[in-house]
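Here are some exercises to try with the model open in your viewer. Have a go at each task before you read the solution.

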Amino acid sequence: MIFSGRVWKYGDNVNTDVIFPGKYTYTVSDPNQMAKYALEDIDPTFAKSVQPGDIVVGGSNWGNGSSREQAVTCLVMAGVRVLIAKSIARIYFRNAVNGGLLPVVCPEAVEAIQPGEVITVDSEHYRVRCAAGEFSFPALSPSLKAILEAGGLIPMLKAKLANSAQK
Amino acid sequence: MGYTFAEKALARAAGLPLVAAGQIVDARPDVILSHDNTAPIYETFKKLGISRVKNPEKLAITLDHAVPAPTTKHAQNHAEVRAFVAEQGVSHFFEAGRGICHQVLSEEGVILPGELILGADSHTTHYGWFGAFGAGIGRSEVAALWATGELWLRVPESMKVVVTGAWNPGVTAKDFCLKLIGDLGVDGGIYMSIEFHGEAIESLSLDSRAVIPNMMAEFGAKTAYLPPTPAVLEYMGKRARRPFTPLYPDPDAHYDAVHHYDAGQIEPMVACPDSPDNVKPLSQVAGTPIQQAFLGTCTNGRIEDLAAAAAVIKGRKVAPGTRLLVIPASSLILNEALRLGYIQTLLEAGAMLGVPGCGPCMGNHMGIPAPHEVTISTANRNFKGRMGTTEAPLYLSNPAVVAASAVTGVITDPKTL
């Protein structure tokens, strides 16, 4: 797939508490409401002006901290389909794949991408294109790709369970 | 070439003779942990189109993140968890007030040395204190585990941290963790299994051992491990309701990185706002005014921590303009602290006592600071906004420093009292 969108760029070690504050974890349970609080404690302008298709770019260790899946869900519900970072904290990486958010680990692209520019990500050929040039990123393993293509872990598993029940 | 702890533990959990770092395996955890987040996980589970959890005897559920329920919404969430537990026949359920999941599951022997626990909580690394492989996962993954009993895991590379020598008085496992995270950064152990070896690690009490793997969530680690000592095996053996086999890495296992520390060179450390790796020696931040001191959490809410705080505070008072909040990590700890007189000492000094649970650690309730109020806490995490407002700076330290700071109203080295 080709994703094209405007960039929101942040720094290193953006943690889950600033992406989706802990105080909302048991009070905001409707995924549709989660987008309203996305990145609230690092960038209060994000939730107000994010557009479907926008791309979030972070530095190293994006999403460190809590295991809360809402830190992925809030971006997905805001219309973000791709996250590019220098590195992604391990639970966040899993949550991204499972939540249908394409995680792109590409330090060179992060260095080159400018805030606000429109960039393109090609998930078939593993390339990021921005004003400063084109960068390739490592392929995802086939099993992770299958989860993303199914729209996330739960849709994939649902189809699999339905399939095995028929047999 | 031998095998690391992570390789051995995931080979066991995947039912394979051998696995190596980098390999992706389908692992079958012995225990699947969730807490107050069980209700939203159940909502996700229902989307799978099946009605029964595959292995209810493997589920462990605590109510701890907001207990007792601070709002109707939280109470509703708890009610949904209880209904799920009854409906599915969940074996290991611990009510509000019993304590924080990681402490309670340790006390109850729900998970044992050499086993695999996956939990919808980032501090599931905790169980390395007795040699279990613990890793945090997302809510959807827990729903998937309820349905199938297995989940893909990448076998992590390993880092070895060797701590030799002897600890100086007043220096704790917490100070060592802050030193390590400060030296190598909050991503210093990203994706890795961190093994802790050496005589200084072996010399730690059981309570102190638990601090280390708990804090490794703040190091980016997938899991963390301390080789079980005879004292650990005795503790777990008394609680175990099934046989278990502790795992030890081979002497010739491969480590991607090895770090050496001399325990005698480590001094009390403090993590400053807004990151657990913004670490300074206590001597450099002493004198910083605080309004709240918080003693508790899965990191430092055990009996040894309450004892250290009580020893500092005995015969003293909490400073005017300062609050000391004490929340034991479990009901057993609270009981023991009552028996030993620590609670009385703390209350006589002017402390507030909370119900065993997570308390204000992640900003839910029971001790949220006002904007511009400074908190020093024994917790593991001091991210911006962590305790409810981005305007309230958070410092992290060991329990004696928290207690001493409560007495003076400024960050204080207990030795100077």
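The exercises below go from the contact between the chains to single residues, each with a worked solution.

A note before you start: this is a predicted model, in which local features need pLDDT of at least 70, side-chain atom pairs count only at pLDDT 80 or more, and totals for chains, interfaces and linings use all residues. Residues are numbered from 1 along each chain as its sequence is written, chains are lettered from A and ligands numbered from 1 in the order in which they are written, and side-chain values use heavy atoms, with hydrogens and water left out.

**Exercise 1. The interface between the chains**

Task: Describe the contact between chain A and chain B, and find a salt bridge in it.

Solution:
- Start with contacts, meaning heavy atoms within 4.5 Å. On the chain A side 36 residues take part, and they meet 46 residues of chain B.
- Next take buried area, which is the accessible area (1.4 Å probe) that two parts lose on being put together, summed over both. Chain A and chain B bury about 3500 Å² between them, with 56% of it on carbon and sulfur atoms.
- Tyr26(A), Arg90(A) and Arg94(A) lose the most area in chain A to chain B, together 25% of what that side buries.
- Now look for salt bridges (a side-chain nitrogen of Lys or Arg within 4 Å of a carboxyl oxygen of Asp or Glu). The count between the two chains is two. Arg94(A) forms a salt bridge with Glu141(B), at 2.7 Å from N to O.

**Exercise 2. The helix that holds Glu141(B)**

Task: How many residues of helix α5 of chain B are buried, and what follows the helix?

Solution:
- Set the terms. Helices (H or I, at least four residues) and strands (E, at least two) are DSSP runs, numbered from the N terminus. Buried means under 20% relative accessible area, exposed over 50%, and partly exposed in between (1.4 Å probe, protein chains only).
- Helix α5(B) covers residues 139–148, and ten of its ten residues are buried. Among them are Arg139(B), Glu141(B) and Trp146(B).
- Gly149(B) follows the helix, with a positive phi near 80°.

**Exercise 3. Two domains in chain B**

Task: Characterise the contact between the domains of chain B.

Solution:
- Domain bounds come from an automatic or database domain assignment; domain 1 of chain B spans 5–261 and domain 2 spans 269–416.
- Taken over C-alpha atoms, the domain centres are 24 Å apart.
- Across the boundary, 38 residues of domain 1 are in contact with 37 residues of domain 2. The two domains of chain B bury about 2900 Å² between them, 57% of it on carbon and sulfur atoms.
- There is one salt bridge between these domains. Glu218(B) and Arg381(B) form a salt bridge, with their closest N and O atoms 2.5 Å apart.

**Exercise 4. Strand β8 of chain B and its partners**

Task: Which strands pair with β8(B), and in what sense?

Solution:
- Two strands pair if DSSP finds at least two bridges between them.
- β8(B), residues 158–164, pairs with β9(B), residues 193–197, in the parallel sense over five bridges. Six bridges join β8(B) to β11(B), residues 257–262, and these also run parallel.
- Lys160(B) is a handy marker: it stands opposite Glu195(B) in β9(B) and opposite Val258(B) in β11(B).
- β8(B), helix α6(B) (residues 173–184) and β9(B) make a right-handed β-α-β unit. Right-handed means that, with the strands pointing away from the viewer, the path from the first strand over the helix to the second runs clockwise.

**Exercise 5. Backbone angles**

Task: Find two cis peptide bonds in chain B and two asparagines with positive phi in chain A, and place each of them.

Solution:
- Recall that most residues other than glycine have a negative phi, and most peptide bonds are trans.
- Val67(B) and Pro68(B) are joined by a cis bond with omega about -15°; Pro68(B) lies in the loop between β3 and α3 of chain B.
- The bond from Pro273(B) to Asp274(B) is cis too, with omega near -5°; Asp274(B) lies in the loop between β12 and β13 of chain B.
- Asn13(A) has a positive phi of about 55° and is partly exposed at 26% relative accessibility.
- Asn61(A) has a positive phi of about 60° and is buried at 0% relative accessibility.
- For their places, Asn13(A) sits in the loop between β1 and α1 of chain A, and Asn61(A) in the loop between β2 and α4 of chain A.
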